[in-house]
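Student: Got a minute? I'd like to go through this model with you.

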Amino acid sequence: MNLENVKLVVADMDGTLLNSKGQVSKRFFELFNLMSKKNIEFIAASGRQYYSIIDKLKIIKDDITIIAENGGIAKKQDKQLLIHHLSSIKINSFIKTLRKIPGVYIVLCGRDSAYIETRNKPFIDVFSEYYHKYQIVEDLTKVKDDLFLKIASYHFENSENHIYPKIKQFEDNYQVKVSGLNWLDISHPMANKGNALRLIQQKLGINSSQTMVFGDYNNDLEMLQLGHFSYAMENAHSNVKKIANYHTTSNDDYGVERVLEKLITAIN
């Protein structure tokens, strides 16, 4: 492996950079500082809301690029690099379909805020980990005055089994992603982490042989294909393990940090 060629590191958040308690390790921030001194760029790429990612990485937020909402928006500092949003007509169609599925909770993900129409405390306790700016409304189909990046849906048992079979009809024309054990997202057809990463690679003049990518779930598949140094976490979905060129330990066993330590050693 020619790790000394790496100029860009991209990491998913949940199940990857974050441990199972939703924490970023102190060691990662130390390694980030070492990478910065070597002019290695870092991108946090997540299905999370932009404001949630900022909160997790606030001490380095001005020095990194963020891909949020599964590629619905990308920003560096206050500069918006891309945005893909859905029409209100399609949003309402998706919401009406999701409402018919038992046990599903719906999140309308806007650029400025997230919106939910439930006051169920167990769901809000989970949801608020991923969405730091949100409003509770009476009817999601009546929300206006925002750009809507995606619709996230949650099932307490399993999104792939309980939501995906009823939603897969939309995937010919939209991005339908099982983004976690309990989450499924519907987005603009061009909104995925891979398309966002490709744009940033082009802006930076960095190619796949200079790119290292870490991921664990199906919403990471496209971006993993854009890095020669693509790593599946030990806790990753089987689809991710099939497509990644390399494997590392789990998110609770410092899988990202272990590889970054090798990277720092290689470039010193």
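Tutor: Sure, let's talk about one helix and some salt bridges; keep in mind that this is a predicted model.

Student: Okay, helix α4 then. What span should its 12 residues have?

Tutor: At 1.5 Å a residue, α4 (residues 88–99) should span 16 Å, and its end C-alpha atoms are 16 Å apart, which agrees.

Student: And which residues of α4 are buried?

Tutor: Those are I91, F94, I95, T97 and L98. They cover an arc of only 165 degrees around the axis, so they sit on the same side of α4.

Student: What do they pack against?

Tutor: The buried residues of α4 pack against β6 (104–110), β9 (148–155), α7 (164–167) and β11 (183–187).

Student: Switching topic: how many salt bridges does the structure hold?

Tutor: There are 20.

Student: Which residue does R99 meet at 2.9 Å, N to O?

Tutor: That's E117. R99 is in helix α4 and E117 in the loop between β7 (114–116) and α5 (121–130), 18 residues apart.

Student: Is R99 buried or exposed?

Tutor: Neither: its relative accessible area is 38%, so R99 counts as partly exposed. R99 also forms a salt bridge with D139, with the closest N and O atoms 2.8 Å apart. D139 lies in the loop between β8 (134–136) and β9, so this pair ties together parts that are 40 residues apart in sequence.

Student: What about E41, which residue is its salt-bridge partner?

Tutor: K76, with the closest N and O atoms 3.6 Å apart. E41 is in strand β2 (residues 41–45) and K76 in strand β4 (residues 73–76), 35 residues apart.

How values were computed:
Residues numbered from 1 in each chain as written. Predicted model: local features only at pLDDT ≥ 70, side-chain atom pairs only at ≥ 80, totals over all residues. Heavy atoms only, no water. Helix = DSSP H or I, 4+ residues; strand = E, 2+ residues; numbered from the N terminus. Expected span 1.5 Å × (residues − 1). Buried < 20%, exposed > 50% of the residue type's maximum accessible area, 1.4 Å probe, protein only. Arc of directions from axis to C-beta. Contact = heavy atoms within 4.5 Å. Salt bridge = Lys/Arg side-chain N within 4 Å of Asp/Glu carboxyl O.
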